[in-house]
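Reader: I have a chain on my screen and many terms to sort out. Can we go through them one by one?

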Amino acid sequence: MNIVILTGAGISAESGIETFRDAGGLWENHRIEDVATPEGYARDPDLVQRFYNLRRAALKTVKPNAAHIALAKLEHRLLRQDGSVTLVTQNVDDLHERGGSTDVIHMHGQLTSVFCTACNHRWNHAQDIKTGQICITCKTSDTTRPDIVWFGEMPYHMDRIEAALSSCDLFVSIGTSGAVYPAAGFVQMATAYGAQTLELNLERSQGSHYFDDSQLGPASKIVPQWVDAVLNEN
Ligand code: OAD
């Protein structure tokens with residue numbers, strides 16, 4: 001069986017990372033235009049760096065939960081049975097990797113990666129981006145930015161994601177509100193290619209009616225249950 005899984009902020013919520021659109025979520029206290037657009041960064045780079053520095057530092061205080069760990073188990077077990085899991089995440093945290101998943105497609109970028117807007121070099125960076133930061137390749141200062149896909153920018157790895165959607169048996173969406181495209185459209189794409197579709201979420205998402213099936217509850221409970229059910233059937 002070939003499965004494509006899309007995850008969103010809900011899978012990391014029980015690890016202690018704020019979601020975006022739930023009550024008290026990140027977008028209630030910060031304006032998207034200020035901290036998640038190229039225009040906001042051009043207007044006030046220090047504000048944007050502070051926002052992502054705080055979130056990068058917070059990674060050190062959280063750990064993967066049972067849902068991340070269950071998806072890693074699914075990947076390893078299906079591989080042994082000639083199946084596959086393509087794990088696509090909108091999350092910029094590293095909890096899937098720390099939960100044991102080996103090939104995570106970060107379509108919205110990663111907090112632990114930065115790039116230089118002068119020479120486009122990317123590198124891993126787990127600390128704060130400081131004012132005056134120098135690019136490790138071209139040595140330009142103040143051109144290092146978070147490797148995060150902001151609104152108005154093209155998500156990463158779309159070709160690979162579309163190829164996986166076109167040949168999967170099952171598409172599963174976990175912990176995402178379905179508010180942001182193109183990820184919100186993956187369910188319709190998978191359906192058009194003939195896959196079954198399943199949503200695992202705390203509550204019905206905006207695109208819930210597009211899914212063949214929905215299972216509702218906290219990710220740390222319903223994801224391991226679903227993984228065990230899949231592995232028992234295979
Ligand atoms: P949202 O905050 O929009 O949605 C989180 C979803 O997770 C909601 O549907 C919640 O009901 C659900 N949820 C909350 N706690 C949960 C739990 N314990 N178990 C299961 N589900 C739970 O986050 P995303 O859909 O990931 O993009 O947001 C998509 C994109 O919008 C993000 O990647 C980010 C944001 O703007 C960028 O910054 C580019």
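Reader: How many bridges join strand β7 to strand β8, and do they run parallel or antiparallel?

Author: A word first: this is a predicted model. Strands β7 (residues 170-174) and β8 (residues 196-201) run parallel, and 5 bridges join them. Pairing needs at least two bridges. With 5 bridges, β7 and β8 therefore count as paired.

Reader: Which residue of β8 is the bridge partner of isoleucine 174?

Author: Leucine 200 is that partner.

Reader: What is the order of the strands in the open sheet of 6 strands?

Author: The order is β3-β2-β1-β7-β8-β9, and the pairing is parallel. At the edges lie β3 (104-106) and β9 (213-216).

Reader: What makes β3 and β9 edge strands?

Author: Each of these two pairs on one side only. On average, neighbouring strands of this sheet are turned by 20° against each other, direction ignored.

Reader: What is the strand order in the open sheet of 3 strands?

Author: That order is β5-β4-β6, with antiparallel pairing. Here β5 (122-124) and β6 (144-148) are the edge strands, each pairing on one side only. The average turn between neighbouring strands in this sheet is 40°, direction ignored.

Reader: How do you know that β4 and β5 pair?

Author: Count the bridges. Strand β4 (residues 109-116) and β5 share 3 bridges in the antiparallel sense. The cut-off is at least two, so they pair. One bridge links valine 114 to tryptophan 123 in β5.

Reader: Which strands does helix α5 touch?

Author: Helix α5 (residues 45-58) packs on the sheet and touches β4 and β6. Its direction makes about 60° with that of β6.

Reader: Into which domains is the protein chain divided?

Author: Domain 1 covers 2-17 + 64-108 + 155-233, while domain 2 covers 19-61 + 111-148. Their centres, taken over C-alpha atoms, are separated by 26 Å. The contact takes 14 residues from domain 1 and 12 residues from domain 2.

Reader: How much area do domain 1 and domain 2 bury between them?

Author: About 960 Å², with 55% of it on carbon and sulfur atoms.

Reader: What is the count of salt bridges between domain 1 and domain 2?

Author: The count is 0. A salt bridge needs a side-chain nitrogen of Lys or Arg within 4 Å of a carboxyl oxygen of Asp or Glu. With a count of 0, no pair between the two domains therefore meets that rule. Polar contact is another matter: 4 residue pairs across the interface of domain 1 and domain 2 are found by its rule, both residues at pLDDT 80 or more.

How values were computed:
Residues numbered from 1 in each chain as written. Predicted model: local features only at pLDDT ≥ 70, side-chain atom pairs only at ≥ 80, totals over all residues. Heavy atoms only, no water. Helix = DSSP H or I, 4+ residues; strand = E, 2+ residues; numbered from the N terminus. Axes fitted to C-alpha atoms, helices over the stretch in contact; angles between N-to-C directions. Contact = heavy atoms within 4.5 Å. Domains from an automatic or database assignment. Buried area = accessible area lost by both parts, 1.4 Å probe. Polar contact = N/O pair within 3.5 Å; in protein donor to acceptor, adjacent residues only side chain to side chain.
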